[in-house]
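Hi everyone, thanks for making time for this. I'd like to walk you through a structure, a piece at a time, and I'll ask a few questions along the way. Let's put it on the screen.

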Amino acid sequence: MNKRVTNWIALGALWAAALTTVGVLGTLLLYVIINGIGALSLRFVFSAPEGVRMEGGIWPTIVATVYVTGLAMLIVTPIAVFAAVYLAEYARQGRLVGTIRFAADTLASVPSIVMGLFGLALFVEALGLGFSMISGALALSFLMLPIVMRTTEEAIRSVPKYIRWGSYGLGATKWQTVRKVVLPAASPRIITGIILATGRAVGETAVVIFTMGTMINTPMLPLDPGRSMTVHLYILAMEGINLPAAYGTALLLVAMILGFNLLARFIVRRNRRMMG
Amino acid sequence: MIESRLHGGAAHGSDEVEAADKLSVTDLDFYYGDFQALAGVTVGVKERATTAFIGPSGCGKSTFLRCFNRMNDLIPGTRLTGRITLDGEDIYAPGVDPVDLRRRVGMIFQQPNPFPMSIYDNVAYGPRLHGVKKKARLDDIVQQSLERANVWREVKDILGRGGLTLSGGQQQRLCIARVLAVRPDVLLMDEPCSAIDPTSVQKIEDLMAELESEITIVIVTHNMQQAARVSQFTAFFLQEETNEPAELVEYGRTAELFTSPEDKRTEDYITGRFG
Ligand SMILES: Nc1ncnc2c1ncn2[C@@H]1O[C@H](COP(=O)(O)OP(=O)(O)OP(=O)(O)O)[C@@H](O)[C@H]1O
Ligand SMILES: [Mg+2]
């Protein structure tokens, strides 16, 4: 009897906790949708803001956001994958590797505003890259690096050892095995890591405000400045310029990030089916 | 006693000419860190014949098998003393590259382990590593190897499909094809049939019989009937005490070892009294 009551209470608590999570997400989404849906239109997506009230659309900020995160992804992926391969396959497991891992985890928890300040000092000023896509991408890549590196390392480690043995058994060298068997086998999880980190970068505000500036501009070259969607949203809302447009931007932003997460989920699912 | 079996096999009424030793092991000790897994193993593996390693679980059969293609080199902390020769040459001599050795000594594992790529690419993997690039040549090798591995008929129309989509038994034969594609002299098989369906087991035993005239096969198996069916020579290993190293108890012609074992422990094992 007593046991059954405890069981019941535990179940109820777990259920309530789970419901809270879903509830919070649901409420947030609903709130953003209700407030933002009115602003959404093709014109809102595809035209530039006009006038002091920033009527019109947000196209330049969408381009800047996609540009800077795309560039950051291109910078991060090779570095993170090479670092992870080194850590998982080549480095002698010991103090040094432990230290590198700890550094990566710490890097991941550095407040993004500090990362932004650092990006401002290093890329914008010291390296003279100015407020630009490239400064923003480099700073964002610091943010993404530990995420991609750690997920890639886990992905590599989770490739079963008997698959590696199959390759070694055929007279493959370590590098051949890593390149032709281990990385392809780990690639769905690596891609998932990259997508999640990119989603994180899309939503980043502090880093880009310090490194890309706030100028509304449709960037073409890496040295062009620009205003990201998040910064646009911040300015519109905080300065009370145009609240409906702020909510419209928020809705698009959330939709993009949700899209990223769903894509990651889809890749994991498809992979699970393929691997049996 | 063992010596007489090693060298006197032909005298026991067999009219075949005794083949030469392809692999020869002298005084082998093997260690995982501080733990000694094998002690004083001396045995020969006959060329173009099938040799079975039998013995209870944990007696070091897989460990011993992995010494022949230096797969144990990949496990940190392992160490070995003694001598193993392939065609008379010491495979642990300085200057021997294990990567080259493994091309000549292929291995099949208990768990089928196709790579996550197409059936075709699985088989072409080895030849590509070793520099075969021409499509026509690769096509030939892939078909031939799959035929020799007794799986061509089942996969010839789906070569582009993922290797992991096949059944376990087909996967195992795919792995055999993958190894045959690099034309090894020796084929090591570590319990190749313990995780697959009976039809595939039959097909693997058939292909072994066909390969026997061309290559040297060493198979580890827990299945006495299988050892009796597929092998001409059998070696029985036993670890008498836990934490003690295992030893080679008896080696000889399969027919003799199974009908009139010289060692009491061999008899106990093959009649199922322990293990
Ligand atoms: N990587 C390893 N590190 C340490 N000890 C190991 C390792 N692999 C095997 N051993 C030990 O070496 C001994 C022999 O193991 P091995 O796997 O060679 O036996 P086996 O005869 O193949 O057994 P089974 O029939 O169960 O496959 C066992 O005591 C095992 O615990
Ligand atoms: Mg074993």
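How many helices and how many strands does chain A have? It has 11 helices and 2 strands. Before we go further, please keep in mind that this is a predicted model.

Let's stay with chain A for a moment. If you read its elements from the N terminus, you meet two helices, then two strands, and from there on helices up to the end. Along the principal axes, the C-alpha atoms of chain A fill a box of roughly 70 × 65 × 35 Å. The chain has 276 residues, and 42% of them are buried.

Here is one helix of chain A to look at, α10, which covers residues 229–238. Which of its residues are buried? They are Met229(A), Thr230(A), Val231(A), His232(A), Ile235(A) and Leu236(A). It helps to remember that an α-helix has 3.6 residues a turn, so residues three or four places apart point the same way. Just after α10(A) comes Gly240(A), with a positive phi of about 55 degrees.

Now let's move over to chain B and its ligand.

Which residues surround ligand 1? On the list are Tyr32(B), Phe35(B), Ser57(B), Gly58(B), Cys59(B), Gly60(B), Lys61(B), Ser62(B), Thr63(B), Ile75(B), Glu191(B) and His222(B). Sorted by class, this shell has 4 nonpolar, 6 polar and 2 charged residues. The largest share of the shell, 3 residues, comes from helix α2 of chain B, residues 61–68.

We can zoom in on some contacts with oxygen atoms of the ligand. For Thr63(B), a polar side-chain atom lies 2.4 Å from an oxygen atom of ligand 1. For Gly58(B), the backbone takes part: one of its N or O atoms is 2.8 Å from a ligand oxygen. And for His222(B), a side-chain N or O atom is 3.0 Å from an oxygen atom of ligand 1. On its own, ligand 1 has 630 Å² of accessible area, and the protein covers 64% of that.

Back to helix α2(B), which we just met beside the ligand. Why do we call α2(B) largely enclosed by the rest of the structure? Because 7 of its 8 residues are buried. Those are Lys61(B), Thr63(B), Phe64(B), Leu65(B), Arg66(B), Cys67(B) and Phe68(B).

After α2(B) comes Arg70(B), in the loop between α2 and β4 of chain B. Its phi is near 55 degrees, which is a positive value in a residue other than glycine. Chain B has another arginine like this to show you: Arg48(B), with a positive phi near 50 degrees. Arg48(B) sits in the loop between β2 and β3. Are these two arginines buried or exposed, or something in between? Arg70(B) is buried, with a relative accessible area of 12%, while Arg48(B), at 48%, counts as partly exposed.

Next, the strands of chain B. One open sheet has 4 strands in the order β2-β1-β4-β5, with antiparallel pairing. Strands β2 and β5 stand at its edges with a single partner each, so one side of each is left without a neighbour in the sheet. Further in, β1 (residues 21–32) and β4 (residues 78–86) pair over 8 bridges, in the antiparallel sense. Within that pair, Tyr32(B) stands opposite Thr78(B). You may recognise Tyr32(B) from the residues around ligand 1.

My last stop is strand β7 of chain B, residues 186–190. All 5 of its 5 residues are buried, so β7(B) is largely enclosed by the rest of the structure. In a regular strand the side chains alternate between the two faces of the sheet. Here both faces are covered: Val186(B), Leu188(B) and Asp190(B) lie on one side, Leu187(B) and Met189(B) on the other.

Which strands does β7(B) pair with? It is joined to β6 by 4 bridges, running parallel, and to β8 by 5 bridges, also parallel. Met107(B) stands opposite Leu188(B), and Asp190(B) stands opposite Val220(B) in β8(B). From β7(B) the chain passes through helix α8 (residues 198–211) to reach β8(B), in a right-handed β-α-β crossover.

That's my tour, thanks for listening!

Technical notes:
Residues numbered from 1 in each chain as written. Chains lettered and ligands numbered in written order. Predicted model: local features only at pLDDT ≥ 70, side-chain atom pairs only at ≥ 80, totals over all residues. Heavy atoms only, no water. Near = heavy atom within 4 Å. Polar contact = N/O pair within 3.5 Å; in protein donor to acceptor, adjacent residues only side chain to side chain. Areas by Shrake-Rupley, 256 points an atom, 1.4 Å probe, with all protein chains shown as cover. Nonpolar A, V, L, I, M, F, W, Y, C, P; charged D, E, K, R; others polar. Buried < 20%, exposed > 50% of the residue type's maximum accessible area, 1.4 Å probe, protein only. Pairing = 2+ DSSP bridges. Right-handed = clockwise from strand over helix to strand, strands pointing away.
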